Amino acid sequence: MLIAMFGAVESGIIYAIMALGVYLTFRILDFPDLTVDGSFVTGGAVAAISIINGVPPVIATIFAIGAGFLAGCITGLLHTKGKINALLAGILMMTALYSINLRIMDTPTLSLLNETTIFTQLQTIWGNTGVDQALNGLLTAMGADRLPSTWAFLIVMLVITITIKLVTDFYLKTEIGLALRAIGDNKRMIRSLSANTDNLTIIGVGISNGLVALAGALIAQLGGFADVGMGIGMIVIGLASVIIGEALFGTKTVARATIAVIGGAIIYRMIVTVALRFDFVETGDMKLMTALIVIAALITPKIVHARKEKQRRLQKRAQLHQHAKGA
Amino acid sequence: MLDLKDISITFNEGTPDEKKALTDINLNLKKGDFVTIIGSNGAGKSTLMNTISGNLYPDVGDVLINGRQVVHLPEYKRSAFIGRVFQDPMAGTAPSMTIEENLAMAYARNKKRKLVFGVTKKRKEMFRDRLKTLNLGLENRLNAKVGFLSGGERQALSLLMTTFTDPDILLLDEHTAALDPSRAALITELTKEVVANSGLTTLMVTHNMQQALDLGNRLVMMDKGQIIFEVSGKAKRGLRVEDLLREFQRIRGEQFESDRAVLG
Ligand SMILES: Nc1ncnc2c1ncn2[C@@H]1O[C@H](COP(=O)(O)OP(=O)(O)O)[C@@H](O)[C@H]1O
Ligand SMILES: [Mg+2]
C-alpha cells in the first residue's frame, strides 16, 4: 500500500502540471478546452519520437511543450478568429490531433524502455547523493518493510511543479496576466480597456496546452512508453483535480487556487489507487468513476443552494404567518 | 476632436426585420465639449455610442478622432483613447478580481501591457488617492473582490476606471439608469466633477431630460435614427423640459414617446 501510494503521489505531481493547464482554460479563461485529450498525447509522442531519434531528453521535452503550445494556439484561433464555439473548437482539434499523433509516432505505441529519459538521467545523477538512503532509513525506522526504489522523481518533480506554479502565479499578476484573467471574468470590460482579447485567448489556450503536453511528455518518460490512447479522458481527470482541489483547499487567491489544483491532482491519484484496491473495481472503471466525481462536484453546490433557498422561503413564510396572527 | 460624418447603419438589411438604426448622422465635437443625448427608446442612441467606440462598424460614414480616420479600427485599439461606462453596473468591472486589480487593468489601458506586476506599492498609493475622491471608503478595501460591492459602488468604480487615464473621449450610455435615485444622483455628481476637473470631451446618453439640460454645454435630441434637434451654450441654458417636449412635437408632429421620459 505504501509503495502504491508513493507511486500515486509521484505521478500525481506530474498530472498536476496537466491540471494547472486545465485550470488556466476552464477557470481563468472560462474556455472549456477539450484539446487536452489530444495535446497530452502530442506531448508524449513528440518527446518519445525525439528521444528515440537521439535528441537529449530535456530538449525532447521542450519540443513537446512547443507542440502542445502550438496545438492550443490553433484551438484558440479556431475559436477567436474562426468564431467556432469553444467546445467544438476543442473537439475538432482533439480529433485532428489523434491523426497527427499517429503520424508523429508512426505506430500506436512507442516504447522508451531502452532509451535514456529525463528520469533515467535523473537516477544516475541522484544515485550517489545518499538522499534515498536517508529517507528510506527514516521509513524503515517508522516500520515500513517495502521501500520506494528512489525518491529522485518525487522530489525533483515536486520542485518542478512548484516552480511552474510560482511562475503561473507571477504571470497571472502581471499586467498581461490580469487582462487574461479578466477575459474569463468580464470580456467586454477588458476589451473596453484596450486589451486584444483574441490574442490573449490564443496565447492563454496555447500556454495551457503547453503545460498539458509537458505532463504528457513526462508521464511517457516515467512510464516508459507513449501510446496514442494515453490521453483519453484526460480532460475529465484534469477537471476532477481542479474541482477536488478547489473544494478542499479553497480559491481565495490565485496562489491558493494553483496550490489547490496541485493538491487536487495528487489526491485524485490517491483516490484512484485506493479504489483499485477493491476487487470489484477494474482499471477500466476509472473513467466512469472520474466522470461521476466531476458530475457530483458540479451538481452538489446547486442542490445545496436550492435547499438553502427553500429553507429561506419557508422561514419567510412562517414569519409572515406569525405577523398576520399578531396583527 | 470627434467628427462623425454621414453615418448610416441598417440592421438586417433586406429582411422583414430591417431596421434603419442610424441615418446620415453628422456630429462634430470640440475638445472639452460635454454633449448630452436624449431620445425615445430605439432612437439609435446606443447604436451611435457603439459606432464611436468601435463596437459596431457603420455601413457608410466616417469617424474621425483628432483628424484621424478610425472607422475601421477595432474596438480594443480605439479604447486606448475612448473611455466608456455602460448602463449595466456589472459591465464595467471584473467581479472576481479585487478593486486594486481592476484599477491596475484600467491603469494599463493606454500603455502596452507588459510582464511586470500590475499592482505595485507605488501604484497602490495612487489607487488609494484616486479612490478617496469617490468618498465611498473604497480606499480601505483595495483587496476586496469587486463582486461584493453594491451596484452604485461598482458604477462609481467603473467611472473612475474609465477616466483614470484621461481618455480623449468619454462615452456614457445611461450609466445611472440602473441605479436607485440616491445612487444615481451620486454617480451624476461624480460624473460632473470628473468631467469638469479633467476637461474630458464627453457624450452622455440620458433618459432624464432635466439631467440632460443641467449637464454639459450641448444637447442633442435623436429620433428614429436621426439627430432632430441640437442646442448649445446660452440657448441650452435657458431651456426647460417643457421646451424640449414642445420642440419635439413641433418637429415630429407627435408627442414625445418614451415609457421612461422622466421629467424631474
Ligand atoms: N444588433 C442589432 N441588431 C438588430 N437591431 C438592432 C441591433 N442593435 C440595435 N438594434 C435596433 O436599432 C434600433 C436602435 O437601437 P438603440 O441604438 O439601442 O436605441 P436606443 O436609442 O434606445 O439606445 C432599435 O430599434 C433596435 O431594436
Ligand atoms: Mg440604449
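This is a short tour of chain B, with a suggestion at each stop of what to select next.

**Before you start**

The model is predicted, so local features need pLDDT of at least 70 and side-chain atom pairs count only at pLDDT 80 or more, while totals for chains, interfaces and linings use all residues. Residues are numbered from 1 along each chain as its sequence is written, chains are lettered from A and ligands numbered from 1 in the order in which they are written, and side-chain values use heavy atoms, with hydrogens and water left out.

**Stop 1: the open sheet**

Begin by colouring strands E2, E1, E4 and E5 of chain B. Helices (H or I, at least four residues) and strands (E, at least two) are DSSP runs, numbered from the N terminus. These 4 strands form an open sheet in the order E2-E1-E4-E5, with antiparallel pairing; two strands pair if DSSP finds at least two bridges between them. At the edges are E2 and E5 (68-69), each of which pairs on one side only.

Now select E1 (residues 2-11) of chain B. With E2(B), E1 pairs in the antiparallel sense over 7 bridges. Pick B:Phe11 and you will find that its bridge partner in E2(B) is B:Lys19. Then turn to E4 (residues 60-65) of chain B, which is antiparallel to E1(B) and joined to it by 5 bridges. Two pairs are worth labelling here: B:Lys5 stands opposite B:Asp62 in E4(B), and B:Ser8 has B:Val60 as its bridge partner in E4(B).

**Stop 2: ligand 1**

Next, select ligand 1 and show the residues around it, meaning those with a heavy atom within 4 Å of it. You have already met two of them: B:Phe11 and B:Lys19 are among the residues around ligand 1, and so are B:Asn12, B:Ala21 and the run B:Ser40, B:Asn41, B:Gly42, B:Ala43, B:Gly44, B:Lys45, B:Ser46 and B:Thr47.

Which element gives the largest share of this shell? H1(B) does, with 3 residues. Both E2 and helix H1 (45-53) of chain B supply at least two residues each. By class, the shell has 3 nonpolar, 7 polar and 2 charged residues. In this scheme Ala, Val, Leu, Ile, Met, Phe, Trp, Tyr, Cys and Pro count as nonpolar, Asp, Glu, Lys and Arg as charged, and the others, Gly among them, as polar.

Three distances to ligand 1 are good ones to display:

- From a polar backbone atom of B:Gly44 to an oxygen atom of ligand 1: 2.9 Å.
- From an N or O atom in the side chain of B:Ser46 to an oxygen atom of ligand 1: 2.8 Å.
- From a polar side-chain atom of B:Thr47 to an oxygen atom of ligand 1: 2.5 Å.

On its own, ligand 1 has 560 Å² of accessible area, and the protein covers 62% of that. Accessible areas come from the Shrake-Rupley method with a 1.4 Å probe; for residues, only the protein chains shown count as cover.

**Stop 3: a buried salt bridge**

The structure holds 20 salt bridges over all chains; each is a side-chain nitrogen of Lys or Arg within 4 Å of a carboxyl oxygen of Asp or Glu. Select B:Asp33 and B:Arg218, which form one with their closest N and O atoms 3.0 Å apart. B:Asp33 lies in the loop between E2 (19-29) and E3 (34-39), and B:Arg218 in E9 (residues 218-223), so the pair ties together parts 185 residues apart in sequence.

Are these two residues buried or exposed? Both B:Asp33 and B:Arg218 are buried, where buried means under 20% relative accessible area, exposed over 50%, and partly exposed in between (1.4 Å probe, protein chains only). For B:Arg218 the relative accessibility is 12%. Keep B:Arg218 selected and add B:Glu230: their side chains make a polar contact of 3.1 Å. Such a contact is a pair of N or O atoms within 3.5 Å; within protein, one must be able to donate a hydrogen and the other to accept it, and residues adjacent in sequence count only if both atoms are side-chain atoms.

**Stop 4: two more places for salt bridges**

Move to B:Lys124 and B:Glu100, whose side chains meet in a salt bridge (3.6 Å, N to O). B:Lys124 is in H4 (residues 121-132) and B:Glu100 in H3 (residues 99-107), 24 residues apart. B:Lys124 is partly exposed at 25% relative accessible area, whereas B:Glu100 is buried at 8%.

Finally, select B:Arg240, B:Glu242, B:Asp243 and B:Arg246, which are linked in a network of salt bridges. Within it, B:Glu242 and B:Arg240 have their closest N and O atoms 3.6 Å apart. B:Glu242 is partly exposed at 43% relative accessibility, and B:Arg240 is partly exposed at 46%.
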